[in-house]
Amino acid sequence: MPGALQRPAVVARVSDLIGYTPLLELAVTETGSRLLLKLEMYNPTGTAKIRMARAMIDAAEAAGELRPGGRIVESTSGNTGLGLAVVAAERGYTFTAVVDNHACADKLRGMKALGTELVHVVDDGTEELATAAREELAEEMARGQDNTVFTEQHNNPANGAGYHPVAHELVEALDGSLDVLIAAVGTGGALFGTARELGRLIAGFSVVGVEPKGSIAFGGPAHDYYQSGTGTPEGAELGALVDFDLLDEGVKVGDIEAFATCRAVARTGLLIGGSAGGVVHAALHRLSALPPGSTMVALINDGGEKYMDTVFNDDWMRERDLLSSEAEREIDELLTKLRGNR
């Protein structure tokens, strides 16, 4: 990537390794349109969300809300918590993560290894997503406590600001040639934070958001889903960072299709997370309809290594009626066709 931003050769803190993530060309059409994956799993903790975790702590410090020896509280399904855990450890803060068992076990183990206090909002083993209950408990735990901050990722402007560097990285790496930005929509920080800053730098691109079927940001019906760290489940409030004025298209992808895409992409040599599978599924099915020579960039917010017990586990998938050889074969064939044009 000639001219791309470069990470310093030697850094002093783990968080100094954030950013400068690579772009991978996954697929190309016969007309020269290409799908590039922004591989955010190359950030520390293997996820994009450490970008906004650092930004939220920076903002709390700047506002005087967080001082040496303070405590951070957040409701998380895993990746935000991993990012907060790293920055809290570096700066000497205590971090309490309010979680449920919908999160992948490896994310919970990772947070605990980094010194995080885990508080389960439900502890009966159920896998149901409990976003609203987590938020309420996290807010309650921080309320009235001295030198304690509930970072409240769903409504924290610093979340979106944390992704502004992604826009700069893309513009420099691609010389401003970007036609479509596509990403998962959970808090909205990654897609809309990037898109807002990108709009200050270049013009003429469209924005596509992807959420799981069952999520309600783009309408109903609401039902449970297994893609973690994304979407807005029934009962949860839509995050303040979701900006429909910036959105050109909202897409829903089911768990079967998202996870089949993860498994098919793995056979190209790349492991991506469950919600990233939904993004790539939507991107692959839109690529051929783009004008010749277009560039579509998909934000891949985490890697697949944390999903060995779920997405890449045949038994887990089969028990939940998520395993589909037909869906995997369809993506395999589409990838084979598009990758043959490179």
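The following paragraphs describe a sheet, several helices and selected residues of a predicted model.

The open sheet consists of six strands in the order 1-2-10-7-8-9, and its pairing is mixed. Its edges are formed by strand 1 (23–28) and strand 9 (249–253), each of which pairs on one side only. From one strand to the next, the twist averages 25°. At one edge, strand 1 pairs with strand 2 (residues 34–39) in the antiparallel sense, over five bridges. Within this pairing, Glu25 has Leu36 of strand 2 as its bridge partner.

Helix 9 (residues 274–287) lies across strand 1, strand 2, strand 7 (180–184), strand 8 (206–212), strand 9 and strand 10 (295–300). Relative to strand 10, helix 9 runs at about 170°. The loop between helix 9 and strand 10 contains Ser294. Ser294 has a relative accessible area of 5% and is therefore buried, the cut-off for this class being under 20%. Leaving aside residues up to four places away in sequence, Ser294 touches Gly32, Ser33, Arg34 and Asp179. Of these contacts, Arg34 falls within the residue range of strand 2.

Helix 9 also packs against helix 11 (residues 325–339), the two axes coming within 11 Å and crossing at roughly 50°. This angle makes helix 9 oblique to helix 11. The crossing of the two helices is left-handed. On the side of helix 9, the contact involves His281, Leu284, His285 and Leu287. These residues meet Glu330, Ile331, Leu334, Leu335 and Leu338 in helix 11.

A second helix pair is formed by helix 1 (residues 50–62) and helix 2, the latter spanning 79–91. Their axes lie 8 Å apart, and the packing angle is about 50°. Helix 1 and helix 2 are therefore oblique to each other. In this pair, helix 1 passes helix 2 in a right-handed crossing. Helix 1 contributes Ile50, Met52, Ala53, Arg54, Met56, Ile57, Asp58 and Glu61 to the contact. The residues contributed by helix 2 are Thr80, Gly83, Leu84, Val86, Val87, Ala88 and Arg91.

Helix 2 is also among the elements that cover the buried residues of helix 3. In helix 3 (residues 105–113), the buried residues are Lys107, Leu108 and Met111. They lie on the same side of helix 3, because the arc they cover around the axis is only 100°. Lys112 and Ala113, on the other side of helix 3, are exposed. The cover over the buried residues includes, besides helix 2, strand 4 (94–99) and strand 5 (117–120). Gly115 follows helix 3 and has a positive phi, near 100°.

Strand 4 also pairs with strand 3, in the parallel sense and over five bridges. In this pair, Ile72 stands opposite Phe95 of strand 4. Strand 3 (residues 71–75) is mostly covered, with four of its five residues buried.

Conventions: Residues numbered from 1 in each chain as written. Predicted model: local features only at pLDDT ≥ 70, side-chain atom pairs only at ≥ 80, totals over all residues. Heavy atoms only, no water. Pairing = 2+ DSSP bridges. Axes fitted to C-alpha atoms, helices over the stretch in contact; angles between N-to-C directions. Contact = heavy atoms within 4.5 Å. Buried < 20%, exposed > 50% of the residue type's maximum accessible area, 1.4 Å probe, protein only. Arc of directions from axis to C-beta. Parallel < 35°, antiparallel > 145°, perpendicular 65-115°, else oblique. Left-handed = near helix turned anticlockwise from the far one by under 90°.
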